[in-house]
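Let us walk through this model, from its enclosed spaces to its helices and loops. Keep the viewer open and follow along.

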Amino acid sequence: MPQKRLMLLGGLRYLLPIIEEAHRLGVHVITADYLPNNIAHKYSDEYCNVSIIDKDAVLKAALELKIDGILSHAVDPGVVSAAYVAEKMGLPFQCSYEAACILQDKSLFRKFLSEHGFNCPKAKGYTDIEDALKDADYFNWPVIVKPVDSAGSKGVTKVVDKANLRSAIETALSASISKNFIVEDFLDKVGAQSSADVFTVDGKLVYPAYSDQLFDKNAANPYTPAIEIWPASMEQSFQDDLTAQLQRLFTLLGVKSGIYNVESRVCSDGKAYIMEVSPRGGGNRIAELQDMATGQSLIANEIKKALGMPMDDITTPQYDGVWCNYILHSYEEGTLVSIEIEPAFKSKYVRDVGLIVKPGDHITPFKGANNSLGTLFLRFDTREELDKAISNPDSWVHIKLK
């Protein structure tokens, strides 16, 4: 049987476990982006130099390379191109190209949610700054301003004072590929927001998952996720409500099989809201951690799905202990000297260290996922143990700059 050929869009470190698992399955891996020095290309079997946001260029390359499947795992800019190529070539993908375009554009997604009766903040999308400024009184303040097509909280600003709306829009535009932005009411959450990877099989949500996503109020951007914890502390009734909402959303969009990163929250009005759904694995190594914590492999099944191979049975996850994805970050700018973890803490609680920086690298304050220094996977027996540890990280991790 000819060796299957999988194209991965992007070259980030997050792709390394995908490449490793694909190789374990005997798959030929082609990584693709316009940056030949990205780390994933050192581990793939073949590199293709192409802009992953140019869907027709990606399709041309995919046809020439005779691929059998395509993924944009944890790489937000490539999702629409991956859906487009899959549809044009008749390859498996989570959803149609049309559905991917809706999910990947925050303005279109809010419009879809509103038109179909989902819980949704008042929101409008814009291409022109002046149009948004004229609409300032349309919203219930404070508001959130976001690029429509950026992940990892890049370009996101909470605005309390209308006088600061213009600068927030300019920040959003600077992070937007399409130069479009959205303004929406700020939803006051109760408890922690959730960010987790879920999985559908033939349109059925078979693996719902929720986490506690926490933020560092002292970070340069206090809306950048800094900690994720499984299982979630969200009340089960809200989790059940969100699972039902997600299933209705997936049915309306006509999705198929695959992984999705979902952000959701419960708000002070007593309602549960779906905030974001992207047809890809999440950043910050979320699928890796969920695989380690549950014993089920979202990564292996996502590869098998993409290549039309039989998937394993996937069911509602059960967690072996309490797990934390701790995003290493700095409050200051400087040159990295070292990242040290107390040996006793490391031996007892750390299950994996994924650094993306090294001594001598220039470090910038934590304004988005792209300023992360890496991730730590931590496992505890109880939530109380975990809460105690993350309430005082200076006691066990030391980031030294000069």
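The structure holds 2 cavities of 30 Å³ or more. This is a predicted model, in which local features need pLDDT of at least 70 and side-chain atom pairs count only at pLDDT 80 or more, while totals for chains, interfaces and linings use all residues. Residues are numbered from 1 along each chain as its sequence is written, and side-chain values use heavy atoms, with hydrogens and water left out.

Rolling a probe the size of a water molecule over the atoms shows where empty space is left. The search runs on a 1 Å grid over the protein atoms alone. A cavity is a set of points where a 1.4 Å probe fits but cannot get out. A pocket is an open set with protein on both sides within 12 Å along at least five of seven lines. Lining residues have an atom within 4 Å of a point. Grid points are joined across faces, edges and corners, and a volume is the space filled by probe spheres set on the points.

Start with the largest cavity, which has a volume of about 50 Å³. Its lining includes Tyr14, Pro17, Ile18, His73 and Ala74. Gly282, Arg285, Ile286, Ala287, Glu288 and Ile299 also line this cavity. Helices and strands are DSSP runs numbered from the N terminus (helices H or I, at least four residues; strands E, at least two). Two of these elements, α1 (16-24) and α9 (286-294), each supply at least two residues of the lining. α9 gives the most, with 3 residues. By class, the lining divides into 7 nonpolar, 2 polar and 2 charged residues. Here Ala, Val, Leu, Ile, Met, Phe, Trp, Tyr, Cys and Pro count as nonpolar, Asp, Glu, Lys and Arg as charged, and the others, Gly among them, as polar.

The second largest cavity has a volume of about 30 Å³. Leu71, Ser72, His73, Phe93 and Gln94 are among the residues that line it. So are Ile259, Pro279, Arg280, Gly281 and Glu302. This lining has 4 nonpolar, 4 polar and 2 charged residues.

Now the open spaces. The second largest pocket has a volume of about 510 Å³. Of the 20 residues that line this pocket, the closest to its centre are Asp216, Tyr326, His329, Tyr331 and Pro393. β11 (212-215), β12 (225-230), α12 (383-390) and β20 (397-401) each supply at least two lining residues. The largest share, 4 residues, comes from β20. The classes are 11 nonpolar, 4 polar and 5 charged.

The loop between β11 and β12 holds Ala220. Ala220 is partly exposed, with a relative accessible area of 45%. The scale is this: buried means under 20% relative accessible area, exposed over 50%, partly exposed in between (1.4 Å probe, protein chains only). Not counting residues up to four places away in sequence, Ala220 touches Pro365, Phe366 and Lys367; contact means heavy atoms within 4.5 Å. Asp45 is 175 residues from Ala220 along the chain, and their C-alpha atoms are separated by 39 Å.

Turn to helix α8 (residues 236-253). How far apart are its end C-alpha atoms? They are 25 Å apart, which agrees with the 26 Å expected for 18 residues at 1.5 Å a residue. The expected span is 1.5 Å times one less than the number of residues. The buried residues of α8 are Phe238, Gln239, Leu242, Gln245, Leu246, Leu249, Phe250 and Leu253. Seen down the helix axis, these residues fall within an arc of 135 degrees, so they line one face of α8. The arc is that of the directions from the helix axis to the C-beta atoms. Their cover includes α4 (97-104), α5 (106-115), β9 (194-201), β10 (204-207), β13 (258-266) and β14 (272-278).

Gln239 of α8 is buried, with a relative accessible area of 13%. Leaving aside neighbours within four places in sequence, Gln239 is in contact with Tyr210, Ala232 and Met234.

α8 is followed by Gly254, whose phi is positive, near 65 degrees. Val255 is found in the loop between α8 and β13. Val255 is buried, with a relative accessible area of 7%. Val255 and Cys95 are 160 residues apart along the chain, yet their C-alpha atoms are separated by 4.5 Å.

Finish at helix α10 (residues 298-306), where 9 of 9 residues are buried. Just after α10, Gly308 takes a positive phi of about 70 degrees.
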